[in-house]
Amino acid sequence: MARFPLAERVVDLRTAVDAVHARLADGVLQPARTTLSRAGERAQLSAEHTVVALAGATGAGKSTVFNLLVGADLARTSRQRPTTSLPLAAVAEHPEIAAGSAMLLEWLGVHERHELAVSPRHPDGLVLLDLPDHDSIVAEHRLRADHVTERADLLVWITNPQKYADAVLHSRYLAPLAGHGDSVVVVLNQLDRLTPDEARTCLADLERLVRADGLAARVLGTSARTGEGIAQLGSLVLRAVERREAATARLTEDIRGAARDLIAAIPAPAHDPVELESARRRLLGALGRAAGVPLVVEAVRDASLRDAVARTGWPPTRWLQRFRSDPLRTLGLRPARTSTDTADAPPAELVRTSLPTASPAVRAQVATATRDFVSAAALSGIAGERLNARAVSASSTITDALDSAVARTVRLRPARWWRAVDALQWLLLAAAVAGGAWLGILALLDYLRIPTDGLVPALPIGAVALPWPTVLLVGGIVVGLVVAGASRLASRTGANRRAERVATALEASVERVARERILGEVDAELTTLETARSAAARAAR
């Protein structure tokens, strides 16, 4: 196992738990919270002491083994049920760390203690516990034993040939300790009751069962009667106390186990990227229809053509455009101009439009598309239900945001070429008016019988000479109408392009609103779950 600081694992597991808060059932998160709480409590207690707990069933001989390890008959031994009702502690320590053991035993709920002299056999910082039977007929005794086994730094599980294959022992106690190989020792006691061949067979079978539990713990054989294996067990305890790593190892494995369980509980999105993108596009399409994007785009096309004709058409007929309604102003997408506004002045800021409210059918399409998108994200359990409820709720109130986005997006400004054509049209009109006035003056002079020789210059075109007044009048009108027709054709093309640009901008605005209200919810949920999964994976590494 790679070595990573316990503090980092605790932080990572807490990050994962906080991230999935309200996304997983409390029953799923409670084991991880309990582990974090226990790790925090143990970290505040003495690091100079190592808690070694002897646990086992009635008649397994754990109290006898305890007495042998202590070197005195401190624990009462018997085959009667129950024998040990309260946990018993034997503590070896120097005076300077004595306060630490008192707080540690208080945390463990152990009130009966015996002092041991510090010696090579009993190193400084040893806290050896004899626990009540885990199969006691008294429930209170079992609860006391379970309380300590969950907190012991090194757990020595003692069994015997009659009970080593007990289902309760493996399913309730050993299997949950999977991965705690450094902090668990399994002892097969009472080997003196077996022949050497039987002892080897039982030890091999016990080791197989322990491995099947996922526990890479050390398996020893002992005999409290003959003393076989006791010295070896004592050496394991001695090394654990001297290294002062048992507490860290136990807490590390607790954190890793809780993190692995949490990873299994966090819903892993198994979405198909193609289906998710397809659902996203369907949702954006439904939102676009709810926002009235098709209607707005058509209005932009018509308004652009109307504006272009009003600026580039033949001046004497432009006023007819005033009788045509402005599609954008009808939809509330263009404010009415005041008398002080100029033609090229930027429009006032719009907040709301006059677009028709989305019909119930369109709203239903939005809700359906939202549910389909959430479903495509493939989140299960509480996380999926929570996300679906939030997304559908957001979709029901999104129309106002879409309306504001449309109002802010539609901006039409005069094309630069309109001004040049407008100036040309007025110039042509001036030429036509000048030509007409000239002809009028000539007609008046002719009526008054005043000679007009030399007053009508001609424009020679080949063999034909056209009088300038006629050229100005006819040419100004004809060219003006031709320019107006050509401008209309160019304006129609420009209107289509403007409509396309506005459609693209509206789609981007709709997507921005959708991301803020709906898509962002899904992305944030997926990101949160991935953050939790990554943090839990780091804690479990």
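Visitor: Which residue forms a salt bridge with Arg-515?

Guide: This is a predicted model, in which local features need pLDDT of at least 70 and side-chain atom pairs count only at pLDDT 80 or more, while totals for chains, interfaces and linings use all residues. Residues are numbered from 1 along each chain as its sequence is written, and side-chain values use heavy atoms, with hydrogens and water left out. A salt bridge is a side-chain nitrogen of Lys or Arg within 4 Å of a carboxyl oxygen of Asp or Glu. With closest N and O atoms 2.8 Å apart, the partner of Arg-515 is Asp-523.

Visitor: Is Asp-523 buried or exposed, or partly exposed?

Guide: Buried means under 20% relative accessible area, exposed over 50%, and partly exposed in between (1.4 Å probe, protein chains only). At 32% relative accessibility, Asp-523 is partly exposed.

Visitor: Which residues are joined with Arg-515 and Asp-523 into one network?

Guide: The network arises from salt bridges that share partners. Besides Arg-515 and Asp-523, its members are Glu-277, Arg-280, Arg-281 and Glu-511.

Visitor: How many residues apart in sequence are the parts that Asp-135 and Lys-163 tie together?

Guide: The side chains of Asp-135 and Lys-163 form a salt bridge at 3.5 Å, N to O. Asp-135 lies in the loop between β4 (126–130) and α5 (139–149), and Lys-163 in the loop between β5 (154–159) and α6 (167–174), so the parts tied together are separated in sequence by 28 residues. Helices (H or I, at least four residues) and strands (E, at least two) are DSSP runs, numbered from the N terminus. The separation asked for is 28 residues.

Visitor: How many salt bridges does a search of the whole structure find?

Guide: One of them joins Glu-140 and Arg-144 at 2.3 Å, N to O. The search of the whole structure finds 30.
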